[in-house]
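Please open the model in the viewer and keep the selection panel at hand. The tour proceeds from one selection to the next.

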Amino acid sequence: MRYSQTLIPTIKEVPADAEIISHQLMLRAGLMRKLASGTYIYLPAGQRMLNKVIQIVRKEMNRAGAQEITMPVIQPLELWQKTGRDIDYGETLGTFIDRHGRGNVLSPTAEEGFTFLASNEINSYKQLPMNLYQINTKYRDEFRPRFGVLRSREFIMKDAYSFHADEECLHKTYMQMYDAYCRIFERCGLEYVIVLAESGEMGGSGSHQFTVPCDNGEDVIVYTEDDKQAWNLEKAPADALPKQPAVEAAPAKNVHTPNTGKIEEVCAFLKLKPCQLIKTLIYRNGDDVMLALVRGDHEANPEKLTRLMDGARLDMAEEADIVKLTGAAVGFAGPVGLCDKVSKVFIDHGVAAMAVGATGANKTDYHTLNVVPGRDFPLEGENIQIADIRNAVEGDTYDGKKLLFKRGIEVGQVFKLGDKYSKKLGANFLDADGKQKSCLMGCYGIGINRIIASAIENGHDEHGMILPITIAPWEVIVTPAGKEEDVMAAAETIYRQLQTAGVEVLIDDRDARGGVKFKDADLLGIPIRVTVGKKTLAEGLVEFKLRTESDRSTLPLNTAAQKVAETVKDMKAKLNQPKA
């Protein structure tokens, strides 16, 4: 392709609303342009990158035995109401009423659509297993789109759904997809880690998350210091904290703490540390009200609470419910005298280990001091459960091993869904004995846009992107550094020879200074640059430079294209070597 005939609108300035490097460089390099909050137009260079990632994903999905289909982005709201995920997604779910009064969903994922298809097409165990996938646009009405394509409203996702007769069959396909994901991310040139993950609103019995470690990532990876176990934050366990030595505590007493509904305000007023406070969170599950007690310096983990409730959904109680239960404004709830008024009390190990603490007094503008767990509120009882219900933090251990933390970008996740969707939507089959059973399902997602952003986050310098050759917009850029006829002729010859050799090559034929061309080539992250200049050409040479290196070398003009094509082949081979 010719630079002069391609829309590559690079810009020097860092866009004001671009917070992280991948967002900045995708705009600066002309990969995309913002259309509206959380939605982007992909320009030619960006589209080429998308196409390359999609091609890799499609090849590995097909190799794993999945079959590609296309599911409509617009789906009937009725299906989502049957599974209850219209409630789970809440305001994030994009919905609209059509002219006939029918509710519709702008698909954020497609379990309902694929299960509906299976319910109409699968009727016998002989048809199983079946693994279907699509590569399609998804929509989520994010409250605050940010970080470019990492938290956007519209994005491209590969999502696959498998259907099975039994657990053994499901596990086999799950591991095939697991291995396919490893090959995909390796071919895309990503350094990734695999962590145990919670299924979240997807449901199911097991999940692994593929995460690219990155300082700007929104996900938190938790791993043991020996690197033998890793989880996402929602899944990460923590050892119970040691019991604090017993103290002679005075009787509990209420103190006036005006305008201190937040932990930091209470600490400042009472001159306490957050770890000395007991935080009381109030949840609802239908008509049942539950308490969760964690230390003031800890955060409750909703996924762990859901797991303790056997997958039942827990919602934070509304303000009116809190006032009715406690008799106090929000921020002043406490466990003293409250535990016997609710159906369930979950107490984190950290709270159970406390010798004494302070908590809300169930009275507006009051807190209770000298609260001793086990003395002033129960640690045992039919409705009491002591468990790990919080997020792991620095200083925690698991199985005696120190937990370490780093940030990352989630690029893919695989799930064992079980029969959550098939039961609700009637995806059944007749087994060998003629008995009707619900299909077991697996689900497998990859963020296409996120792969590109992850590659940029971990592949850049002060000059621009440094991209893996398998997903870069072009493999080689030929740069004539001068307007002389012989310089342009030599550049054109190399350009045509590389095209003939099957190399994806861009020639910068613009009427611009060499320095401008070099800066744009670096900004675009093109892995190999061949420069034709007047001085080197006079010696029968051209300049050769890898984007990953600062040093330059020279190649003979008459063999330059061949050497470059061989280098491209070798670089691609290193990334395209699939694991067995």
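How many disulfides does the count come to? The count comes to zero disulfides, in what is a predicted model.

**Cysteines**

Select Cys-214 and Cys-188. Cys-214 takes part in no disulfide, and its nearest cysteine sulfur, belonging to Cys-188, lies 16 Å away. Because a disulfide requires two cysteine sulfur atoms within 2.5 Å, that separation does not qualify. Cys-214 is buried, its relative accessible area being 6%.

Next, select Cys-439 together with Cys-169. Cys-439 is likewise in no disulfide; the sulfur of Cys-169 is the nearest cysteine sulfur, at 10.0 Å. Cys-439 counts as buried, with a relative accessibility of 0%.

**Helix 2 against helix 12**

Select residues 44-63, which form helix 2, and residues 448-457, which form helix 12. Their axes come within 9 Å and cross at roughly 115 degrees, which means that helix 2 is roughly perpendicular to helix 12. The crossing in which helix 2 passes helix 12 is right-handed.

Which residues of helix 2 and helix 12 meet? Helix 2 brings Met-49, Leu-50, Val-53, Ile-54 and Val-57, and these meet Ile-448, Asn-449, Ile-451 and Ile-452 in helix 12. By class, this contact comprises eight nonpolar residues, one polar residue and no charged residues.

**Helix 1 against helix 12**

Keep helix 12 selected and add helix 1, residues 21-28. The axes of helix 1 and helix 12 come within 8 Å and cross at roughly 100 degrees; helix 1 is therefore roughly perpendicular to helix 12. On the side of helix 1, the contact is made by Ile-21, Ser-22, Leu-25 and Met-26. On the side of helix 12, Ile-452, Ala-453, Ile-456 and Glu-457 take part. By class, the contact of helix 1 with helix 12 has six nonpolar residues, one polar residue and one charged residue.

**Helix 14 and its cover**

Now select helix 14, residues 514-524. Which residues of helix 14 are buried? They are Gly-514, Lys-517, Asp-520, Ala-521, Asp-522, Leu-523 and Leu-524.

To display what covers these buried residues, add helix 1 and helix 2, both of which are included in the cover. Strand 27 (464-465), strand 28 (476-481) and strand 30 (528-533) also belong to the cover.

Finally, select Gly-525, just after helix 14, where phi is positive at about 70 degrees.

Technical notes: Residues are numbered from 1 along each chain as its sequence is written. This is a predicted model: local features need pLDDT of at least 70, side-chain atom pairs count only at pLDDT 80 or more; totals for chains, interfaces and linings use all residues. Side-chain values use heavy atoms; hydrogens and water are left out. Axes are lines fitted to C-alpha atoms, for helices over the stretch in contact, and angles run from 0 to 180 degrees between N-to-C directions. Helices (H or I, at least four residues) and strands (E, at least two) are DSSP runs, numbered from the N terminus. Angles under 35 degrees count as roughly parallel, over 145 as roughly antiparallel, 65 to 115 as roughly perpendicular and the rest as oblique. A crossing is left-handed if the near helix is turned anticlockwise from the far one by less than a right angle, and right-handed if clockwise. Contact means heavy atoms within 4.5 Å. Ala, Val, Leu, Ile, Met, Phe, Trp, Tyr, Cys and Pro count as nonpolar, Asp, Glu, Lys and Arg as charged, and the others, Gly among them, as polar. Buried means under 20% relative accessible area, exposed over 50%, partly exposed in between (1.4 Å probe, protein chains only).
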